[in-house]
Amino acid sequence: MTAESQPEAGLPNLPPTSWAVLGMLAFGEEVSGYDLKKWADWSIGHFYWSPSFSQVYSELKRLEQHGYATSRIQNEDGVRGRRMYKITDAGMDAVSKWSAEAPIDPPILKHGVLLRIWMGHLNDPERLKEILREHIAYVDKMERRVSVDVGGAEAEPAWAYPRITMLWAKRYYAAERELALQLIKDIDDADAMLAKAELHDEAGHPKAVPGRWREVEKRVQSEE
């Protein structure tokens, strides 16, 4: 038993990115690492992972070591060609089992824009609104892009499930836009409340009353 194995699940303890790559191979086509990278960008990258080329090749190597994928050099006209990868029967069995039985990691929200808003007491309200408008422009661009990719996925019936995950991403970007618009409106209310702060530092930034967060934490815990 290797250090990476999970006896209770009967599967090696591969990182989620390995399973993502193996899942792409599970559609049965023999593809290159370049193909997988480009496919991830317009498909799984909308909601999970958009890898670098080095990540793709690193995961493919790992999958080969576990016997889940095989590779060969595709020669064309006597010239050394691309390395092509294909899933093995063992790989198909493993990724099917992982998809159905492995514990699901909860989503992790790491929202850089919200972090800036959270620190809003250090910033100018108009600058915060500008940041949110820039974010809206970004999500609008991403929604347009995924809309095109959803249309492309309709060309292959075997991509029915990838297509509906991209539809989810399209709805996510639309919802993100509405949330950002609401935050722009909320900033004025927050700024009005901030004006009531009792303490300020030397630079004039509002400060919380020392120890206030502990009081709030105790109250919240008592209400749980």
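**Close-up views of helix contacts, rings and surface**

**View 1. R82 and D35 meet in a salt bridge.** R82 is partly exposed, with a relative accessible area of 40%; buried means under 20%, exposed over 50% and partly exposed in between, using a 1.4 Å probe and protein chains only. The model is predicted, so local features need pLDDT of at least 70 and side-chain atom pairs count only at pLDDT 80 or more, while totals for chains, interfaces and linings use all residues. Residues are numbered from 1 along each chain as its sequence is written, and side-chain values use heavy atoms, with hydrogens and water left out. The salt bridge (a side-chain nitrogen of Lys or Arg within 4 Å of a carboxyl oxygen of Asp or Glu) joins R82 to D35, with the closest N and O atoms 3.5 Å apart. D35 belongs to helix 2, while R82 is in the loop between strand 4 (69-73) and strand 5, so this contact ties together parts 47 residues apart in sequence. Helices (H or I, at least four residues) and strands (E, at least two) are DSSP runs, numbered from the N terminus. D35 has a relative accessible area of 25% and so is partly exposed.

**View 2. K129 and D188 link two helices.** By the same cut-off, the model has 14 salt bridges. One of them pairs K129 with D188, and here the closest N and O atoms are 2.9 Å apart. K129 sits in helix 6 and D188 in helix 7, so the pair ties together parts that are 59 residues apart in sequence. K129 is buried, at 10% relative accessibility. D188 is partly exposed, with a relative accessible area of 44%. E126 joins K129 and D188 in one network, built from salt bridges that share partners.

**View 3. R163 contacts E154.** The two side chains form a salt bridge of 3.3 Å, N to O. R163 is partly exposed, with a relative accessible area of 25%. T165 is in helix 7. At 29% relative accessibility, T165 counts as partly exposed. From T165 to G67 the C-alpha separation is 29 Å in space, and the two are 98 residues apart in sequence.

**View 4. Y34 stacks with F53.** The whole structure holds eight aromatic pairs, counted when ring centres of Phe, Tyr and Trp (its six-membered ring) lie within 6.5 Å; planes under 30 degrees apart are stacked, over 60 edge-to-face and the rest tilted. In Y34 and F53, the ring centres are 5.7 Å apart and the planes meet at 10°, so the pair is stacked. Helix 2 carries Y34 and helix 3 carries F53, so the stack ties together parts 19 residues apart in sequence. Both rings are partly exposed: Y34 at 44% relative accessibility, F53 at 35%. K37 adds a charge to this site: its charged end sits over the F53 ring, 5.7 Å from the centre (NZ of Lys or CZ of Arg within 6 Å of the ring centre and within 35 degrees of the ring normal).

**View 5. W42 meets W159 edge-to-face.** Their ring centres are 5.5 Å apart and their planes lie at 70°, so the pair is edge-to-face. W42 lies in helix 2 and W159 in the loop between helix 6 (125-153) and helix 7 (160-194), so the contact ties together parts 117 residues apart in sequence. W42 is partly exposed at 24% relative accessibility. W159 is also partly exposed, with a relative accessible area of 22%. Ring pairs link these two with F27 and W39 in a cluster.

**View 6. The largest nonpolar core has 23 residues.** Such a core is a set of buried Ala, Val, Leu, Ile, Met, Phe, Trp, Tyr and Cys residues joined through side-chain atoms within 4.5 Å. W19, L22, L25, L36 and L63 have the most contacts inside it. Two or more residues come from each of helix 1 (16-25), helix 2, helix 3, strand 5 (83-87) and helix 4 (89-101). Helix 1 gives the most, with six residues. In soluble globular proteins, nonpolar side chains tend to be buried together.

**View 7. Four residues make a nonpolar surface patch.** F47, Y48, W168 and Y172 together have about 430 Å² of accessible area. Patches take residues with over 30% relative accessible area and no salt bridge, joining like charges within 9 Å and nonpolar side chains (Val, Leu, Ile, Met, Phe, Trp, Tyr) within 5 Å. Accessible areas come from the Shrake-Rupley method with a 1.4 Å probe; for residues, only the protein chains shown count as cover. Y48 sits in the loop between helix 2 (33-42) and helix 3 (53-65). At 46% relative accessibility, Y48 is partly exposed.
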